[in-house]
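Biologist: Please take a close look at one part of this model. Tell me how it is placed, what pairs with it and what surrounds it.

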Amino acid sequence: MKIYAVADIHARRQRLDHIVANVKRLTPDLVVVAGDLTSYRSSSFVVRHLAELAVPVFAILGNTDRKMVGGQISRNTGISSGYLPPTVHRPLALVGLNGTLPIPFRSRIALKENRILKDIAPLVNRKTILVVHTPPWGTLDEVMGKFHAGSKNLLAFIRCNEPLMLLCGHIHERPGVKQVGKTWVVNCTMGHGSQGALIHCRGSASNRPEVQMLTS
């Protein structure tokens, strides 16, 4: 399975153009958007643009996405949010968390993370790709190069439940990939000249995903 993962589009047309071009060039099986499709406004054209891509799209909400964006996703075919079970053609399950887990900065959408992480725990295993907006604490989450802005509870969760991969964004300065325990964390932000990540998954917990960070 080949995944093209991005985050932090922020309703910028140039970033949407990059996504369209990369989908044509890379021919992924699935596009994943790890939050911040918009920037506090409705921006229905973003959801429509993503839904019209030639491949399925899985998208979650970030801290700059209002609840109405979730409604727009639910009304468009070709784009989904929340949970994608494994299939023959997609051997890994995708589990998404809408909103932003509590972090040191104020957030428009904040989740009671202990409750929500407990709720999704039965869905998460070594054949799961977890899609959240906020990185785990201490992993690709440095603001201004020195302040950690990730979630400590999310870090504890992935150490305990060991999903194969966690896709996130939110921290524009830190696109990249890093291993935490048995989980591969990919910050697929489109900030700072990044165009997201191309990920090859072999469908087995024993196989390391191949991650290529894309730049302008």
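Modeller: Start with a loop: Leu140 lies between β7 (128–131) and β8 (142–143). Strands here are DSSP runs of E with at least two residues, helices are runs of H or I with at least four, and both are numbered from the N terminus. Leu140 has a positive phi near 55°, although this residue is not a glycine. Most residues other than glycine have a negative phi. At 3% relative accessibility, Leu140 counts as buried. Buried means under 20% relative accessible area, exposed over 50%, and partly exposed in between, with a 1.4 Å probe and protein chains only.

A word on the basis. This is a predicted model, in which local features need pLDDT of at least 70 and side-chain atom pairs count only at pLDDT 80 or more, while totals for chains, interfaces and linings use all residues. Residues are numbered from 1 along each chain as its sequence is written, and side-chain values use heavy atoms, without hydrogens and water.

Now the part for the close look: strand β2, residues 30–34. β2 is mostly covered, with 5 of its 5 residues buried. Leu30, Val32 and Ala34 point one way. Val31 and Val33 point the other way.

Next, the partners. β2 runs parallel to β1 (residues 2–6), and 4 bridges join them. Ala5 has Val32 of β2 as its bridge partner. β2 also runs parallel to β3 (residues 57–60), again through 4 bridges. Here Ala34 is bridged to Ile60, and Val33 stands opposite Ala59. Two strands count as paired if DSSP finds at least two bridges between them.

The wider sheet is open and has 6 strands, in the order β4-β3-β2-β1-β13-β14, with mixed pairing. β4 (79–80) and β14 (210–215) stand at the edges with a single partner strand each, so one side of each has no neighbour in the sheet.

Now the helix between the strands. β1, α1 (residues 13–26) and β2 form a right-handed β-α-β unit. Right-handed means that, with the strands pointing away from the viewer, the path from the first strand over the helix to the second runs clockwise. α1 lies across β1, β2, β13 (194–200) and β14, at about 165° to β1. Axes are lines fitted to C-alpha atoms, for helices over the stretch in contact, and angles run from 0 to 180 degrees between N-to-C directions.

His10 belongs to the loop between β1 and α1. Its phi is positive too, about 55°, and His10 is not a glycine. His10 is buried, at 11% relative accessible area.

What packs around β2? The largest nonpolar core has 26 residues, and Val33 is among those with the most contacts inside it, alongside Ile19 and Leu50. Such a core is a set of buried Ala, Val, Leu, Ile, Met, Phe, Trp, Tyr and Cys residues joined through side-chain atoms within 4.5 Å. β1, α1, β2, α2 (44–51), β3 and α3 (67–74) each give two or more residues to this core. α2 gives the most, with 5 residues. Beyond its neighbours within four places in sequence, Ile19 is in contact (heavy atoms within 4.5 Å) with Tyr4, Val6, Ile9, Leu50, Leu53 and Met190. A second, separate core has 23 residues, including Ala7, Leu92, Met165 and Val186.
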